Amino acid sequence: EALTGKKFANYWTYCGLIKINGEKMSKSLGNSLTIRDALKEYNYETIKYVMFSKHYASDVDILDSDYQLAESHLYYFYKTIKEMKEYVEKYNGEVTHDDEFSVEIVPKFNEVMDEDFNTSAALANLHNIFKYANNIMKGSKKSDKNSNANILANILNEVHVAYSVLGLFEQDPEEFILELKNKYLKKIEINLETIEEWIAERATAKKEREFEKADSIRKNLEDIGIILKDTRDGTEWDIKALYKIG
C-alpha cells in the first residue's frame, strides 16, 4: 500500500496447504497448478466454486473430480437461473420483497459467512434455493403464474445480492451453458450436427412405429454421454456428465 497508495485487501486470511490429489503441491513434485493454467481448462467461476467448497483454514486437497462436480453444480444453477428469468419475463414478475422464502436468503448467507467465513455452507444453501425455485416453476397453477413470477424475481434479486460477494453468477446464463456444452462435446468427440441427425432419425423411427430402432438411437447417444428428453416442443439433448450432482 505504501508503494501504490491503494488499498491491498479488505480481509487477509491464513489458509492451509494446497494439495493435488492427496499430495502437497510442489514444483519439485511436478504437480503445481497455477491459476493461469487452471483458467485454460476451466471457467473462472468453476475455479472459485472449487476453492469456496473448502474451508479456507483447512488443507485444501484439490481432486480432479472436484472440478467436474463444480461444473455440474454451476451448470444446474445457471440452467435454473435461465429458466427463472424466462418465467419472470413471461409472467410479468417483479421484485416485491414480500415472500417468506426469499427474504431469508441474504440473512442465511450472512449467518454462515459470520461463522468463520464458512463458504462451503453458503454454497450448500444454493441447492435448497434452486430446488425451491424449480418446484415453483414445475408446480405452478395457471392462476398462480404472476405471483410465482414475483417470488422468482425476488429470489433472483436476493441471490445476486448475496452471492455477488463471492463473485458468482456474474455471467450470462445462456453463454455459460453453451460454453460448458461445447467443452463436453469436444471431450466425447461428437458435434452438434451429428446429434441433431440422430434425433431426427429417432423422430422418424418413432413416427413409423419403429420403436426398437428409436430406443437403440437413444441408448447409443446415452452410451457416448448424450441424454435425450422428449418435450411438447420436441426432443432436447443434454450432457450426461453434467447431471452427476453429488
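The paragraphs below look at salt bridges and at one pair of packed helices in this structure, which is a predicted model.

We can begin with the charged side chains, among which 13 salt bridges are counted. One of them joins Lys40 and Asp37, whose side chains meet with a distance of 3.9 Å from N to O, and this falls inside the limit because a salt bridge is accepted within 4 Å. Both residues belong to helix H1, which covers residues 35-41, and because they are 3 residues apart there, they are separated by about one helical turn. Their surroundings can be described as well: Lys40 counts as exposed, with a relative accessibility of 67%, while Asp37, with a relative accessible area of 37%, is partly exposed.

A second salt bridge is found between Asp66 and Lys54, where the closest N and O atoms are 2.8 Å apart. Here Asp66 lies in helix H3 (residues 64-90), whereas Lys54 sits in the loop between helix H2 (44-52) and strand S3 (60-62), so the pair ties together parts that are 12 residues apart in sequence. Are these two residues, Asp66 and Lys54, buried or exposed? Both Asp66 and Lys54 turn out to be buried, which means that each has under 20% relative accessible area.

Further along the chain, the side chains of Glu201 and Lys213 meet in a salt bridge, with 3.6 Å from N to O. This pair links distant parts of the chain, since Glu201 belongs to helix H8 (residues 192-207) and Lys213 to helix H9 (residues 211-224), 12 residues apart. Glu201 is partly exposed at a relative accessible area of 35%, and Lys213 is also partly exposed, at 38%. Salt bridges can also share partners, and in this way Arg202, Lys206, Arg218 and Asp230 are joined into one network.

We now turn from charged pairs to the packing of helices. Two packed helices are described by the angle between their axes and by the distance between those axes. For helix H4 (residues 105-113) and helix H5 (residues 119-139), the axes come within 8 Å and cross at roughly 155°. With such an angle H4 is roughly antiparallel to H5, because angles over 145 degrees are placed in that class. The crossing of H4 and H5 is right-handed.

Which residues make the contact between H4 and H5? On the H4 side they are Ile105, Lys108, Phe109, Val112 and Met113, and on the H5 side Thr119, Ala121, Ala122, Asn125 and Ile129. Sorted by character, the residues of this contact of H4 with H5 comprise 7 nonpolar, 2 polar and 1 charged.

Definitions and conventions:
Residues are numbered from 1 along each chain as its sequence is written. This is a predicted model: local features need pLDDT of at least 70, side-chain atom pairs count only at pLDDT 80 or more; totals for chains, interfaces and linings use all residues. Side-chain values use heavy atoms; hydrogens and water are left out. Helices (H or I, at least four residues) and strands (E, at least two) are DSSP runs, numbered from the N terminus. Buried means under 20% relative accessible area, exposed over 50%, partly exposed in between (1.4 Å probe, protein chains only). Axes are lines fitted to C-alpha atoms, for helices over the stretch in contact, and angles run from 0 to 180 degrees between N-to-C directions. Angles under 35 degrees count as roughly parallel, over 145 as roughly antiparallel, 65 to 115 as roughly perpendicular and the rest as oblique. A crossing is left-handed if the near helix is turned anticlockwise from the far one by less than a right angle, and right-handed if clockwise. Contact means heavy atoms within 4.5 Å. Ala, Val, Leu, Ile, Met, Phe, Trp, Tyr, Cys and Pro count as nonpolar, Asp, Glu, Lys and Arg as charged, and the others, Gly among them, as polar.
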